[in-house]
Amino acid sequence: MFGPHVMEAEVLQNLEPKADVAAQQCALAYLEQLKNSEAGWQFCMNNLTRGMNQENHLRFFCFQVVEHYIRNHYNHENLAEQQRVREFLSCWIQLQCSQLGRQEATFLRNKAAQVFALVFVRDYPLFWADFFGDLIKTLSFGPQAVDIYVRVLKAIDSEVADQDIIRTHQEAERNAAIKNAMRGSCVEKLVESWYHILKTYETSNPELVNQCLEVIGAYVSWIDIALVANDRFIALLLSLLHMIESRESAADCLHDIISKGMEPLDKLQLIETLVPVLQNSGILKPLEDDETEFSCKLSRLVNGIGLNLIDAHNKLSKSGSAEQVALLQNAVERKVPIMIEFLSNDYDDVSAAVLEFAKEYIHMLKGKVMLTEEQLGYARSLLLTVVHKMKYDESYRFEQEGEDEATFQEFRKQLKVLFDNLAGVNKELVIEYVSEFTTNTLSEWRTASFQNVEIAIYLLYLMGEAIPASGGNHFSGDHTKVSAMQTMMHVLVTCDVSHYPHPAVTLQYVETVVRYEKFFNTEPEHIPYVLTAFLDQRGVRNSSPLVRSRCAYLFSRFVKCLRTLIQPYIKEILGPLQYLLVLVPPENGSSLISEDDQLYLYEAAAVMIVSGAFGAQQKGMLMSNMLIPVMDKFKTLVSQLLVEMDEQKQELLAQSLCHAMAVTSRASKAFTNHQTMKSCCCVPIFIEAMKVFLGCLQIPTQSRILQSGVRQFLHRMVVCLEEEVLPYIPQASEGLLKGNDIRSIQEYIPLIVQIIAKFKLSWVFQKEVIPFLQQVFMPIVNAIFSALSLPVEENDEQGKREKQLLQRNYFQFIAAVVTNNISEVLNAQESRFLEQVMISIIRGAVDFPDPVAQKTCFSILRKLVDLWGGKEQPHGFTQFIYKNIVPACFMAPLKSTFDLSDAQTSLALAESAMCLKTILQKHGDEFVNYLHAEYLPTLQISPHLIDEYCQALKAENKVFKNYVKVFFQQAKT
């Protein structure tokens with residue numbers, strides 16, 4: 001059936017990438033048959049050892065077939081078949097090393113090594129005790145054999161010792177037995193072979209040397225360290241550290257050696273023996289600029305040395321003597337100057353490699369009651385180094401940040417952690433240094449580089465987190481810190497550094513003055529200067545879009561934080577701000593301030609108006625002066641949209657209309673519980689705006705965009721206005737529901753729920769809104785039913801989420817109507833329609849696997865029982881309780897999808913229990929008798945358990961809820 005002719009003529013041809021898809025699939029299917037056939041593995045082994053003229057992808061497949069056989073059948077084969085596999089491996093190596101054969105591609109050699117490893121873990125030590133002896137014998141074949149040897153050893157490590165791979169218990173036991181057998185019989189031979197390889201190919205074949213070093217690094221974690229950490233090996237590694245092609249691998253190997261798990265004092269002896277040798281060889285220091293990669297490796301080695309010593313120190317701190325702890329403490333501190341040298345390297349990659357050592361050393365210092373002079377010196381050196389490394393490079397692109405910039409920002413965050421921790425070690429040191437550096441630099445900012453000026457302000461900014469203050473007020477409490485902060489902030493706002501012509505400095509300046517806004521409680525005379533800086537060419541009129549955008553947001557925050565203190569300057573501020581509030585039509589292109597940033601400016605302007613020392617009438621007038629131009633622009637845009645035929649321009653106009661509504665909404669955020677829209681005489685202007693904005697719902701084009709803008713505006717008006725908003729709700733709702741599409745309905749429901757919740761007790765609501773709700777209730781419900789009935793593709797996750805969201809919104813809508821005591825909306829519906837709604841709630845409680853929705857449904861049913869479960873009830877509701885609500889309270893928790901261990905599901909279960917308690921309140925013993933005699937027996941529950949359940953039902957609510965959970969847990973087991 002299978003033969004070389006088939007492999008060469010058909011399979012090989014059709015497996016080539018250039019073959020068409022159908023032919024490839026046919027060939028793959030055929031080869032799958034080969035993989036699963038009894039003789040396929042033998043054929044593939046023969047194919048792999050009869051020469052290497054086949055294409056690589058075909059040889060790879062042959063190795064896959066052999067791998068499949070070894071994984072699934074090898075253990076069950078007879079000894080002859082297993083011996084055949086071993087002979088194949090030997091033959092394949094010989095073929096690789098013969099002059100007649102050519103060496104396999106790298107990926108094929110790796111696959112072959114994996115096959116070797118799979119046979120090894122099945123045969124060693126019982127069936128192939130001399131596996132390594134046989135393998136070592138092949139080394140005499142030359143470098144190609146050595147290459148295979150080290151790849152096989154790496155593959156074996158992956159199968160047996162790699163800690164990153166999750167193993168089964170059985171595999172873990174097998175691997176432990178293999179390693180024990182290797183330690184007892186062959187590890188010394190392996191180590192000798194490694195030394196031989198390193199020595200033989202030290203200068204002639206660095207690639208083999210590097211691979212061998214990688215093997216040593218992997219195996220050293222579980223073999224006797226003395227086999228490698230000895231004079232002979234260390235001398236060889238030191239030699240390799242001076243060879244350009246091998247030095248990086250040698251550094252990694254040394255890192256693996258010193259990272260081997262061992263007792264603290266043994267680790268100390270290992271490192272203290274190794275480090276002086278490395279220092280005497282001139283290794284442990286950063287190298288020239290063109291040797292960055294090796295410097296990174298050396299930095300990683302230093303990091304490993306430090307972390308291992310600190311780990312040993314921490315272990316001995318719990319169980320060792322004071323003398324032993326002191327030994328390790330001294331050992332750590334002797335390495336700190338080396339770490340600082342690497343940390344201060346000009347290349348961030350080199351610095352980053354020792355960050356963990358620096359962090360752990362600082363953490364060690366934080367545990368000291370008092371620092372020695374030497375430790376204080378190290379802390380200061382680390383502080384200076386961290387500050388130096390935080391500075392921006394000349395090549396940093398502030399306006400076009402890319403991957404390099406993102407990497408630096410992440411590095412800066414890590415340096416900030418060191419800075420914060422140093423403040424935890426000795427805050428006086430940090431305060432003194434930052435105060436001196438910042439004050440001196442800002443005093444001479446005109447002649448300083450932007451890097452120094454930016455870092456001076458940034459350090460002041462960091463003080464807020466490095467040395468926290470009670471209530472966030474850094475200008476009260478600790479005198480030393482307060483004095484320093486007061487001095488630095490005074491210098492910052494008086495030295496004119498805000499004029500420095502670099503965006504990084506400007507951004508850090510505004511971030512800092514806003515973070516420390518409480519400074520202006522003590523020196524309010526500087527507020528006008530800062531406000532001016534925000535609004536002129538230094539801030540929102542800056543040439544940098546990045547600066548303009550950030551300043552718009554921070555200006556809004558600054559105004560809101562200091563709304564009381566800025567009152568004397570409001571009139572002067574509103575003047576220059578007015579120009580920035582002008583809405584730019586789409587045909588004018590981009591403006592100085594983006595639309596998003598303009599929202600912050602409108603909010604800031606509104607806050608100043610509302611909190612200003614003006615009379616109520618004047619506040620209303622100022623708000624009108626700000627918003628009337630918005631409405632005028634809105635009307636102009638509406639006129640343009642009505643005649644515009646180009647769809648793209650229509651969309652731009654619609655978005656501009658939404659922006660006009662958005663800035664008006666944002667202005668309403670200025671009102672508070674104490675300064676309401678009504679008390680500021682601003683109701684008329686916002687009502688007028690609402691009338692104008694609602695008109696856009698009649699525009700036949702771009703309705704979805706416009707509806708979204710109106711809806712968001714109405715959400716804000718419901719919050720800020722009182723009953724004045726209600727007469728406009730029916731008109732707004734008709735416009736928002738126009739077209740009856742499901743998205744409009746879905747997005748309308750949260751709005752009407754908000755309105756119901758706020759105004760349910762208002763007589764205006766009863767007069768204006770309830771009649772409208774009675775009219776639109778069933779059309780909304782039917783539209784939702786129609787949408788929910790549409791099928792969703794099995795793999796359409798987005799469609800499933802939208803359907804779930806719609807279902808939740810529907811239940812929230814019904815819940816809002818029922819739980820807010822406006823059941824007259826339901827009472828006005830025809831009984832057949834009302835029954836549809838009721839059944840949908842039952843289905844939601846039982847069949848909809850969403851605990852949030854289920855809880856809502858049980859809440860609705862509970863409220864309905866409370867409203868209608870007494871003597872005055874709609875016809876047939878008692879029957880509905882017994883035939884639908886009661887079964888739902890049992891059927892839902894019994895569903896396999898009802899996860900009783902889930903917190904949300906537990907809330908749904910508790911709500912269903914309270915639903916039953918409400919039925920008990922309304923129907924008393926009649927309900928208990930129904931459960932006892934009629935319903936519970938249908939669930940095949942024992943009489944004893946029925947008695948227990950009915951007794952629990954009469955208990956307190958908390959007791960019954962706890963019982964119900966246990967009841968259903970037992971019922972589902």
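Buried here means under 20% relative accessible area, exposed means over 50%, and partly exposed is in between (1.4 Å probe, protein chains only). Keep that to hand for the tour. What you have open is a predicted model, where local features need pLDDT of at least 70, side-chain atom pairs count only at pLDDT 80 or more, and totals for chains, interfaces and linings use all residues. Residues are numbered from 1 along each chain as its sequence is written, and side-chain values use heavy atoms, with hydrogens and water left out.

**Whole chain first**

Show everything as cartoon. You'll find 45 helices and zero strands; both are DSSP runs numbered from the N terminus, with helices being H or I of at least four residues and strands E of at least two. The radius of gyration is 39 Å, well over the 30 Å that the globule rule gives for 973 residues, so the protein is more spread out than a compact globule. (That radius is taken over C-alpha atoms, and the rule is 2.2 Å times the number of residues to the power 0.38.) Along the principal axes, the C-alpha trace spans about 100 × 85 × 70 Å.

Switch on the surface: about 44,500 Å² is exposed, with carbon and sulfur atoms supplying 51% of it. Accessible areas come from the Shrake-Rupley method with a 1.4 Å probe, and for residues only the protein chains shown count as cover. Buried residues make up 52% of the 973. Contact means heavy atoms within 4.5 Å; among contacts between residues at least 6 apart in sequence, 72% join residues at least 24 apart.

**Into the core**

Next, select Met-182, Trp-194, Phe-419, Val-497, Phe-555, Met-623 and Ile-885. These have the most contacts inside the largest nonpolar core, which has 356 residues. Helix α43 (residues 903-935) gives the most to this core, with 13 residues. A nonpolar core is a set of buried Ala, Val, Leu, Ile, Met, Phe, Trp, Tyr and Cys residues joined through side-chain atoms within 4.5 Å.

Zoom in on Phe-419. Not counting residues up to four places away in sequence, Phe-419 touches Leu-383, Val-386, Met-390, Val-430, Val-434, Leu-459, Leu-462, Met-463 and Ala-466.

**Salt bridges**

There are 36 salt bridges in the structure, each a side-chain nitrogen of Lys or Arg within 4 Å of a carboxyl oxygen of Asp or Glu. Start with Glu-104 and Arg-59, whose closest N and O atoms are 2.5 Å apart. Glu-104 sits in the loop between α5 and α6 and Arg-59 in helix α4 (residues 56-72), so the pair ties together parts that are 45 residues apart in sequence. Both Glu-104 and Arg-59 are buried.

Now pick Arg-334 and Glu-272, which meet in a salt bridge at 2.3 Å, N to O. This pair links helix α16 (residues 322-343), home of Arg-334, with helix α14 (residues 264-280), home of Glu-272, 62 residues apart. Arg-334 counts as partly exposed because its relative accessibility is 48%, and Glu-272 is partly exposed too, at 24%.

For a local bridge, try Lys-863 and Asp-866, at 4.0 Å, N to O. They are three residues apart in helix α41 (residues 851-868), about one turn of the helix. Lys-863 counts as buried, since its relative accessibility is 19%, while Asp-866, at 33%, is partly exposed. Then select Lys-416, Asp-420, Glu-465 and Arg-515: salt bridges that share partners join them into one network.

**Backbone stops**

Go to Tyr-124 and Pro-125, where the peptide bond between them is cis, with omega near 0°. Pro-125 lies in the loop between α6 (106-123) and α7 (131-137).

Asp-496 comes next: phi is positive, about 70°, although Asp-496 is not a glycine. Look for Asp-496 in the loop between α23 (479-494) and α24 (503-515), partly exposed at 27% relative accessible area. Cys-681 also has a positive phi, about 55°, without being a glycine. Cys-681 is in the loop between α31 (647-667) and α32 (683-694) and is partly exposed, at 29%.

**Last picks**

Select Ser-544, in the loop between α26 (527-535) and α27 (545-561). Is Ser-544 buried or exposed? It's buried, with a relative accessible area of 5%. Leaving aside neighbours within four places in sequence, Ser-544 is in contact with Glu-399 and Pro-503.

Finish on the surface with Leu-79, Leu-126 and Phe-127, a nonpolar patch with about 390 Å² of accessible area together. Patches are made of residues with over 30% relative accessible area and no salt bridge, with like charges joined within 9 Å and nonpolar side chains (Val, Leu, Ile, Met, Phe, Trp, Tyr) within 5 Å. Leu-79 lies in helix α5 (residues 79-97) and is exposed, at 62%.
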